[in-house]
Amino acid sequence: MHSPPTPTSQILSLPAPTLADTTTSSSSSSCLSKRVTINMASPSSGVPKALANDKRGGTQEKSSLVVCFGEMLIDFVPTVGGVSLAEAPAFKKAPGGAPANVAVGISRLGGSSAFIGKVGEDEFGYMLSNILKENNVDNSGMRFDPSARTALAFVTLRADGEREFMFFRNPSADMLLHESELEVDLLKKASIFHYGSITLIEEPCRSTHLAAMDIAKRSGSILSYDPNLRLPLWPSADAARQGILSIWDQADIIKISEEEISFLTSGDDPDDDNVVLKKLFHPNLKLLLVTEGSEGCRYYTQKFNGRVGGLKVKAVDTTGAGDAFVSGILCSLASNLNLFQDEMKLREALLFANACGALTVIERGAIPALPTRDAVLQAMPNAVV
């Protein structure tokens with residue numbers, strides 16, 4: 001294994017263009033059962049009985065709510081793959097933003113989720129709010145800024161395998177969420193509070209992020225952190241490293257990529273377990289996950305560590321794959337908050353999460369490509385255990 005290349009990116013401060021539209025679809029299905037029994041439906045099926053038989057519906061218990069905090073924006077994705085942004089003949093607009101992707105992903109899998117963040121008081125902002133509602137995500141924590149635009153990002157996977165980003169933030173509305181605008185009651189209901197690092201870059205959102213973490217932690221929530229490194233958005237590499245690590249030891253669960261290991265450790269081998277355990281696994285951490293793309297993922301807890309293989313698919317667009325993975329594991333964890341203490345149950349949940357990520361890359365865009373629970377279960381027999 002080796003670390004993927006660092007994406008080339010730039011930030012432009014321009015008005016929002018009007019580009020081609022895309023359609024999103026919503027679906028509801030059951031998540032993992034509260035108690036997962038690791039017995040296989042058949043020796044060759046690859047699907048555990050608990051997953052195959054779980055058909056729960058209706059309203060989820062309040063204790064299973066996952067609240068996602070951060071940015072929601074519009075991703076513009078080329079209508080053809082394997083080209084640079086400059087070479088793309090046209091773009092489709094797709095809702096995105098890592099925390100919002102995770103919230104929708106959890107709902108698609110049958111879980112209970114909410115989103116807290118800010119968008120512009122513009123057509124894109126209203127569209128994003130409606131998409132959350134259509135996907136059964138609680139959007140009561142969403143705020144609208146009349147003086148700033150909804151953020152935009154152009155994303156592509158070039159023929160050389162390098163991802164390319166172009167962000168429009170000058171500033172965008174997501175950067176301007178104030179602590180006074182937080183939906184405190186929603187935070188207090190969360191069994192899991194999930195967030196990234198982009199909200200740590202600028203004030204007032206940084207202080208708002210820290211306040212939300214504090215409220216959730218004091219209310220008994222598990223804190224879930226996906227740094228989701230977007231280096232061009234930070235003032236410098238050092239600022240990004242310091243900012244990401246500034247809240248590292250407060251998280252209960254952390255998900256990172258191999259590229260992020262190399263970045264946070266200033267170039268150490270991302271495949272070395274000793275590097276991960278000595279430099280990134282802090283004493284209070286319950287679960288550290290390392291995603292490896294199509295190869296699957298690695299997991300580290302205070303008692304055990306290992307690796308779960310992935311699902312081989314033909315990738316069309318990798319946007320949102322990591323968020324789909326996070327959706328899968330948090331959906332499972334919300335149903336069983338002690339999941340990280342049982343290695344067999346954890347491995348089964350990670351196989352499910354890997355399949356979530358794999359199915360997302362076979363379609364363009366993030367939220368439009370997030371899979372339903374039934375689709376994931378159908379794909380799991382093809383995963384590498």
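A residue counts as buried when its relative accessible area is under 20%. Keep that in mind for the close-ups below, which come from a predicted model.

**View 1. Helix α2, a mostly covered helix.** Here we zoom in on residues 98-108, the stretch that forms α2. How many of its residues are buried? Eleven of eleven. They are A98, P99, A100, N101, V102, A103, V104, G105, I106, S107 and R108. Just look past the helix and you'll meet G110, which follows α2 and has a positive phi, near 95°.

**View 2. Helices α9 and α10 cross each other.** The pair here is α9, residues 321-335, and α10, residues 343-360. Their axes come within 7 Å and cross at roughly 150°. Angles over 145 degrees count as roughly antiparallel, so α9 is roughly antiparallel to α10. The crossing of the two is right-handed. On the α9 side, the contact is made by A321, A324, F325, G328, I329 and S332. On the α10 side, look for L346, A349, L350, F352, A353, N354, C356, G357 and T360. What kinds of residues meet here, nonpolar, polar or charged? Ten are nonpolar, five are polar and none are charged.

**View 3. Two cis peptide bonds, each leading into a proline.** One cis bond joins N170 and P171, with omega about -15°. P171 sits in the loop between β8 (163-168) and α4 (184-189). Another cis bond joins E203 and P204, and its omega is about 5°. To find P204, go to the loop between β9 (192-195) and α5 (205-218).

**View 4. Positive phi at N136 and S266, neither of them a glycine.** N136 has a phi of about 60°, and its place is in the loop between α3 (123-134) and β6 (138-145). For S266, phi is near 60°. Where do you find S266? Check the loop between α7 (258-264) and α8 (273-280). S266 is exposed, with a relative accessible area of 56%.

**View 5. Stretches with pLDDT below 50.** Averaged over the chain, pLDDT is 84, and 82% of the residues score at least 70. Over residues 1-30, though, the pLDDT is below 50. Beyond near neighbours in sequence, residues 1-30 have 85 contacts in the model. Residues 32-62 also have pLDDT below 50, with 60 contacts beyond near neighbours in sequence. Where pLDDT is low, don't read the predicted coordinates in detail.

Key: Residues numbered from 1 in each chain as written. Predicted model: local features only at pLDDT ≥ 70, side-chain atom pairs only at ≥ 80, totals over all residues. Heavy atoms only, no water. Axes fitted to C-alpha atoms, helices over the stretch in contact; angles between N-to-C directions. Helix = DSSP H or I, 4+ residues; strand = E, 2+ residues; numbered from the N terminus. Parallel < 35°, antiparallel > 145°, perpendicular 65-115°, else oblique. Left-handed = near helix turned anticlockwise from the far one by under 90°. Contact = heavy atoms within 4.5 Å. Nonpolar A, V, L, I, M, F, W, Y, C, P; charged D, E, K, R; others polar. pLDDT = per-residue confidence, 0-100. Buried < 20%, exposed > 50% of the residue type's maximum accessible area, 1.4 Å probe, protein only.
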